[in-house]
Amino acid sequence: SSLDAQVAVKASGATYDALKSFGQDLREFLIVSQVTLTEDKNAKEVGIVAKAAAGEKCPRCWHYDTNLGSNKQYPEVCPKCVDALV
């Protein structure tokens, strides 16, 4: 599943600016649990490395997150889902 992944993206110029404009929504756009975006001014192409996502799988949204259990009222879900439930 794509939600089992975290990706590291390196880009430059207009491509980097376009990807950065998504902010935290970039992971939703790419349908992955975690994204790291880095500017590489020397890159001529976009570089992407994928690996297993860190953390535990949220039973509500299925995203992996390292902060599951951080909310006492909803200890089994991720912070994004806590915001949706409150």
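**Exercise 1. Find the residue of strand 2 that stands opposite V9, then work out how strand 1 pairs on both sides.**

Step 1. V9 faces L37 in strand 2 (residues 34-39). Strands and helices here are DSSP runs, numbered from the N terminus: E of at least two residues for a strand, H or I of at least four for a helix.

Step 2. Count the bridges between strand 1 and strand 2. There are 6, and the pairing is parallel. Two strands count as paired if DSSP finds at least two bridges between them.

Step 3. Turn to strand 3. V9 also stands opposite I48 there. Q6 has K51 as its bridge partner in strand 3.

Step 4. Give the sense of that second pairing. Strand 1 (residues 5-11) and strand 3 run antiparallel, joined by 6 bridges.

A note on the model: it is predicted, so local features need pLDDT of at least 70 and side-chain atom pairs count only at pLDDT 80 or more, while totals for chains, interfaces and linings use all residues. Residues are numbered from 1 along each chain as its sequence is written, and side-chain values use heavy atoms, with hydrogens and water left out.

**Exercise 2. Decide whether strand 1 is mostly covered or open, and do the same for strand 3.**

Step 1. Fix the classes. Buried means under 20% relative accessible area, exposed means over 50%, and partly exposed lies in between (1.4 Å probe, protein chains only).

Step 2. Apply them to strand 1. Of its 7 residues, 5 are buried, and the strand is mostly covered.

Step 3. Apply them to strand 3 (residues 47-52). The number buried is 0 of 6, so strand 3 lies largely in the open.

Step 4. Recall a general point. In a regular strand the side chains alternate between the two faces of the sheet.

**Exercise 3. Trace the network of salt bridges that holds R27, E28 and K80.**

Step 1. State the criterion. A salt bridge is a side-chain nitrogen of Lys or Arg within 4 Å of a carboxyl oxygen of Asp or Glu. By this rule the count is 2.

Step 2. Take R27 and E28. Their side chains meet at 3.7 Å, N to O.

Step 3. Take K80 and E28. This salt bridge has an N to O distance of 2.6 Å. The pair links distant parts of the chain: K80 sits in helix 3 (residues 79-85), E28 in helix 2, and they are 52 residues apart.

Step 4. Join the pairs. R27, E28 and K80 form one linked network.

Step 5. Classify each member. R27 is buried at 15% relative accessibility. E28 is partly exposed at 32%. K80 is partly exposed at 35%.

Step 6. List the neighbours of R27, which lies in helix 2. Leaving out residues up to four places away in sequence, R27 touches V32, S33, V35, H63 and K80. Contact means heavy atoms within 4.5 Å.

**Exercise 4. Describe the aromatic pair of F22 and F29 and the nonpolar surface patch that holds them.**

Step 1. Count the pairs. The structure holds 1 aromatic pair. The rings of F22 and F29 have centres 4.7 Å apart and planes at 15°, so the pair is stacked. The rule: rings of Phe, Tyr and Trp (its six-membered ring) pair if their centres lie within 6.5 Å; planes under 30 degrees apart are stacked, over 60 edge-to-face, and the rest tilted.

Step 2. Extend to the surface. F22, F29 and L30 form a nonpolar patch with about 270 Å² of accessible area together. Areas come from the Shrake-Rupley method with a 1.4 Å probe; for residues, only the protein chains shown count as cover. Patch members have over 30% relative accessible area and no salt bridge; nonpolar side chains (Val, Leu, Ile, Met, Phe, Trp, Tyr) are joined within 5 Å, like charges within 9 Å.

Step 3. Check two members. F22 is partly exposed at 33%. L30 is partly exposed at 34%, and its place is in helix 2 (residues 26-30).

**Exercise 5. Summarise the fold of the protein chain as a pattern along the sequence.**

Step 1. Count the elements: 3 helices and 5 strands.

Step 2. Read them in order: β-α-α-β-β-β-β-α.

Step 3. Add burial. Of the 86 residues, 31% count as buried.
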